Amino acid sequence: MSDLRVRFAPSPTGYLHIGGARTALFNYLLARKEQGTFILRIEDTDVERSTQESVDAILQAMDWLGLSYDEGPFYQTERFDLYKEKVQQLLAEGKAYKCYCTADELTTKREAAMANGDKPQYDGSCRELTPREDDAPYVIRFKSKRDGVTSFNDKIKGTISFNNQELDDMIIQRTDGTPTYNFVVVIDDAEMGLTLVLRGDDHVNNTPRQIQIYQALGYAVPEFAHVPMILGADKKRLSKRHGATSVMAYREMGYLPEALVNYLVRLGWSFGDEEIFSMDDLVEKFTLDNVGRSAGVFNPDKLLWLNEHYIKTGDPQQLGTLLEEYLQQLGFQVPADIDLAEVVKTLQDRSKTMVEMAEKAAFYVCDELEYDAKAQQKFLTAEQKPVFEALIGKLESREFNAEGVEAAFKEVLKETGLKFGKVGQPTRVALSGGTSAPGIFEVMLVLGRERTLKRLRAAIERIG
RNA sequence: GCGCUCAUCGUCUAGCCUGGUCCAGGACACCGCCCUUUCACGGCGGCGACAGGGGUUCGAAUCCCCUUGGGCGUACCA
């Protein structure tokens, strides 16, 4: 156990997306590598937009990716008393103040400042006001430093400094009494003993404000590390426009979690020329030192290639179990005598996703074979009839195993004088319904004697 | 606009800190050839980048400056 404590803190306003997943992954890897502690915290202070469905979706996605946490999930809505207490503390110490400006007034001021070419900052009108006695609605603002510089040493980006003049007095408690993000994040990160805050690049600008709050509250300031953003092909921040951004959508599309993890980690992190990393590899090799500083473009093609790789090299037994789910998704019930691990073996080199594998496996498990019209017309012709009959005869008189099936086939070739392709393709159509499928012998073995003969006879029947 | 930040093949990146071994390496995609019972897999090969301009230096992808371009932020969202 080391004293490293990190966290992933998503806000439950939607599913877990690609960017969040990578941040979670980086935190997870660091915690595992250093044998530290990985905490999950749900940032639901925006009561309006937070939903339980989102929380469930996020939890489910993390589970699917294999990102287990050691503490939590903690919910910020359950810690409002703590935040209130801290607000009071700041108020009492004169480090925060009540602001009576209305949202509308602020918007107007902001727009005016922008139009003037000034910074759209809060002008501090209520900063030195003596608190009113009436019950006029108010927010509470943090009194930030007016001069000087706030800087921190980012573990990924290096030293980053801000002039305190750039920082205005931000709201820490809304009119309705709920606390805001930049305030609670500090309290929680501090109270939960985080030693490193590893999060998205988009939080860099919040960091100096947060540091001032740490200091005002007397907390130790943790270390920070900001991971660059993930962009779409047009170099804009990744969004739905660029295709699926939900982690779970990838499961539905037939991706393996190993592939997504591998892809995500390589987007922004590298280890020499290596491309393939298992979770165990990563726990061993991951370091912040090898995380890049520039934003990266999400490349679906490479993810697909990795998925292909993990399907190709995956355990047939496990993939078989998975395949059944996708097959059921397509409406197929798998017959008891079909060995899905064997099915997988014939399809591993031919499928880039599990959905594709299921589609290609459909012919094995269906009751009524569907024939491709063109294939049927071209290969299920009258002249095939005697060939199929011969094949059936040979097949019936032998052991139905790799040697037997192949021998039967070769005998037919010999007796008819036909080339492999001349017999093979029609047979393929008879067995699979189409012209592209795994090797004929493999197909026959997976199908089994009974089903193979049945389909051959059905083909003869179709020829008429 | 202002602030922060980034900049090597179309994309992900190695190299940059500790200048020479880099006329820049790997991967995805793309193209070609080979293998082949269909479809794939696979093997081999090809295309393809140091954003631009100034410096420093015997020598710069590597160090410095400027320009340009990109990203993020600028909420009573997180």
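1. A polar contact is a pair of N or O atoms within 3.5 Å; within protein, one of the two must be able to donate a hydrogen and the other to accept it. The model under review is predicted. Asp168 gives an example of such a contact: its side chain meets the side chain of Arg209 at 3.2 Å. The side chain of Asp168 also reaches the backbone nitrogen of Tyr122, at 2.9 Å.

2. Where does Asp168 lie? Its place is the loop between E7 and E8. Is Asp168 buried or exposed? Its relative accessibility is 16%. A residue is called buried when this value is under 20%, so Asp168 counts as buried.

3. The next point is the sheet that contains E8. It is an open sheet of 3 strands in the order E4-E5-E8, and the pairing is antiparallel. E4 and E8 stand at the edges with a single partner strand each, so one side of each has no neighbour in the sheet. From one strand to the next, the twist averages 45°.

4. The pairings within this sheet can be followed strand by strand. Strand E4 (residues 96-99) pairs with E5 over 4 bridges, in the antiparallel sense. Ala96 stands opposite Phe142 in E5. E5 is also joined to strand E8 (residues 171-173), here by 2 bridges, and these two strands run antiparallel. Arg141 has Ile171 in E8 as its bridge partner.

5. In a regular strand the side chains alternate between the two faces of the sheet. For strand E5 (residues 139-142), both faces are covered. Val139 and Arg141 are on one side, Ile140 and Phe142 are on the other, and all four are buried. A student should note that Arg141 is among these buried residues, and that the bridge partner of Arg141 in E8 is Ile171.

6. A parallel pairing is found elsewhere in the chain. Strand E9 (residues 196-200) and E10 run parallel and are joined by 5 bridges. Val197 has Phe224 in E10 as its bridge partner. Strand E10 (residues 223-227) is mostly covered, with 4 of its 5 residues buried.

7. Now the RNA. There are 61 residues around RNA strand B, and those that come nearest are Arg174, Thr175, Asp349, Arg350 and Ala437. How do the residues of this surface divide into nonpolar, polar and charged? The split is 18 nonpolar, 20 polar and 23 charged. On the RNA side, 68% of the strand B atoms within 4 Å of the protein belong to sugar or phosphate, and the rest belong to bases.

8. Three polar approaches to RNA strand B show different parts of the nucleotide. For the phosphate, a polar side-chain atom of Arg110 lies 3.3 Å from a phosphate oxygen. For the sugar or linking oxygens, one is 3.4 Å from a polar backbone atom of Lys302. For the bases, a backbone N or O atom of Cys101 lies 3.4 Å from a base nitrogen. The elements that give two or more residues to the surface near RNA strand B include helix H4 (103-115), helix H10 (300-313) and helix H18 (440-463). Which element gives the largest share of this surface? H10 does, with 5 residues.

9. Last, the layout of the chain. Chain A is divided into domain 1 (5-69 + 230-304), domain 2 (78-227), domain 3 (314-365) and domain 4 (373-463). Domain 1 is written as two stretches of sequence. The centres of domain 1 and domain 4, taken over C-alpha atoms, are separated by 48 Å.

Definitions and conventions. Residues numbered from 1 in each chain as written. Chains lettered and ligands numbered in written order. Predicted model: local features only at pLDDT ≥ 70, side-chain atom pairs only at ≥ 80, totals over all residues. Heavy atoms only, no water. Near = heavy atom within 4 Å. Nonpolar A, V, L, I, M, F, W, Y, C, P; charged D, E, K, R; others polar. Buried < 20%, exposed > 50% of the residue type's maximum accessible area, 1.4 Å probe, protein only. Pairing = 2+ DSSP bridges. Domains from an automatic or database assignment. Axes fitted to C-alpha atoms, helices over the stretch in contact; angles between N-to-C directions.
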